[in-house]
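Subject: Structure for you to look at, with notes

Dear colleague,

Here is the structure I promised to pass on, and below it you will find my notes on what turned up when I went through it. Please read them with the model open beside you.

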Amino acid sequence: MTHSQLYPLEVNPATAEPFLRLPQPNENIIITPPRLSDAQCFPPILNDPRVWQWLEGPPIPYTDEHAAEWIEIITQQSKAILDELTAEDTLRPGGYLKLVGGCPVRHIREVLPDGTDVYLGDIDIGRAPFEEILDPEERRKQVEINESKPLGDPSIVWTFGDYIAPSHHGRGIMSAAMRLVLYSWAIPRMGVRHMSGYTFVGNAGSLRVFEKSGFVLKGVLDNGKTVRGERKRLNYLEWKCEQQ
């Protein structure tokens, strides 16, 4: 049986937008590409201390200008992957599924009974930062080596970054989303075989998300990381694919 290069993504027949749908009991939750209109949703969520205290990346306070810059970056990243897959379908229809360097769907949405949807959060997968290497120079070298490895190399180490609106904390949505992206896309469509996970110590919810996705806690790190003036220790987790 042959598949479109978008497989296993579904496609919304009304909008032509690809998506992944979470399994029951969260089948009203989908993961789609970023939309430019999502930018207005970022500040209310990211400025909530229940979210930002556990994130390293976003500047706080998070402004509309930050949101506008970020949405341009990630929409282009997603579009580039989808364009690559569409081109492959045109060039070699019915061919082998192509490995790509990322997941084109990352924005988590709740589909309402009237068919509209609400932005809830983000889940992204990228190459790992090797926080577990305590020496900064050695860490930098390892990141460079990892980044230089060709797509499909099973020794590439990847990682997840994610957040979800506080209104939907504790519902198992992020755990289900992480498992879905990992097993439906990352393994078969990116060749992912090895992942690291990092959470700030104290973030019990995020730790559970990784563990429910098969990650194993390896230890607690103190590599000198300071975020917004506060020294942070990290939980370090690891996942390896059993199907090498």
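I begin with Ala16, which is found in the loop between β1 and β2 (18–21). Please keep in mind throughout that this is a predicted model, and that what follows was computed from its atoms. The phi of Ala16 is near 65 degrees, a positive value in a residue other than glycine, and at 56% relative accessibility the residue counts as exposed. Arg228 is another residue other than glycine with a positive phi, in this case near 55 degrees; Arg228 is found in the loop between β9 and β10 (230–231) and is partly exposed, with a relative accessible area of 39%.

Two peptide bonds also deserve a look in the backbone. The bond from Tyr7 to Pro8 is cis, with omega near 10 degrees, and Pro8 lies in the segment before β1 (10–11). The bond from Ile60 to Pro61 is cis as well, with omega near 5 degrees, and Pro61 lies in the loop between α2 (49–52) and α3.

Turning to the interior, the largest nonpolar core has 41 residues, and those with the most contacts inside it are Ile31, Ile108, Ile125, Phe160 and Met195. At least two residues of this core are supplied by each of β3 (29–32), α3 (64–91), β5 (117–127), β6 (158–164), α5 (173–190), α6 (204–212) and β11 (234–240), and the largest share, 12 residues, comes from α5. Apart from this core lies another one, of 13 residues, among them Ala39, Val51, Ala67 and Ile71. To see how one of the well-connected residues sits in the larger core, you might centre the view on Ile125: leaving aside its neighbours within four places in sequence, Ile125 is in contact with Cys103, Trp158, Thr159, Phe160, Ala186, Met190, Val192 and Met195.

Helix α6 gives a clear picture of a helix with one buried side. Its buried residues are Ser206, Leu207, Val209 and Phe210, and, seen down the axis of α6, they fall within an arc of 155 degrees, so they line one face of the helix. These buried residues pack against β6, α5, β7 (194–200), β8 (216–221) and β11. The helix is followed by Gly214, whose phi is positive, near 100 degrees.

The pairing of α5 with α6 can be described in some detail. The two helices pack at an angle of about 35 degrees, with their axes 9 Å apart, and α5 passes α6 in a right-handed crossing. The contact is made by Met174, Ser175, Met178 and Arg179 of α5 and by Val209, Phe210 and Lys212 of α6. Within this pairing, Ser175 is buried, with a relative accessible area of 4%, and, leaving aside its neighbours within four places in sequence, Ser175 is in contact with Val209, Lys212 and Ser213. Although Ser175 and Lys212 are 37 residues apart along the chain, their C-alpha atoms are separated by 6.4 Å.

A further long-range relation involves Asp222, which is found in the loop between β8 and β9 (226–227) and, at 38% relative accessibility, counts as partly exposed. Asp222 and Glu131 are 91 residues apart in sequence and 9.1 Å apart in space, C-alpha to C-alpha. Leaving aside its neighbours within four places in sequence, Asp222 is in contact with Leu134, Arg231, Lys232 and Arg233.

Finally, the cysteines, since you may wish to consider them at the bench. How many disulfides does the structure hold? It holds 0 disulfides, and for two of the cysteines the distances give the reason. The sulfur of Cys41 is 20 Å from the closest cysteine sulfur, in Cys103, and is therefore too far for a bond, given that a disulfide is taken as a pair of cysteine sulfur atoms within 2.5 Å. The sulfur of Cys241 is likewise too far for a bond, because the closest cysteine sulfur, again in Cys103, is 16 Å away. As for their surroundings, Cys41 is partly exposed, with a relative accessible area of 25%, whereas Cys241 is buried, with a relative accessible area of 7%.

With best wishes

Notes. Residues numbered from 1 in each chain as written. Predicted model: local features only at pLDDT ≥ 70, side-chain atom pairs only at ≥ 80, totals over all residues. Heavy atoms only, no water. Core = buried A, V, L, I, M, F, W, Y, C linked by side-chain atoms within 4.5 Å. Buried < 20%, exposed > 50% of the residue type's maximum accessible area, 1.4 Å probe, protein only. Helix = DSSP H or I, 4+ residues; strand = E, 2+ residues; numbered from the N terminus. Contact = heavy atoms within 4.5 Å. Arc of directions from axis to C-beta. Axes fitted to C-alpha atoms, helices over the stretch in contact; angles between N-to-C directions. Left-handed = near helix turned anticlockwise from the far one by under 90°.
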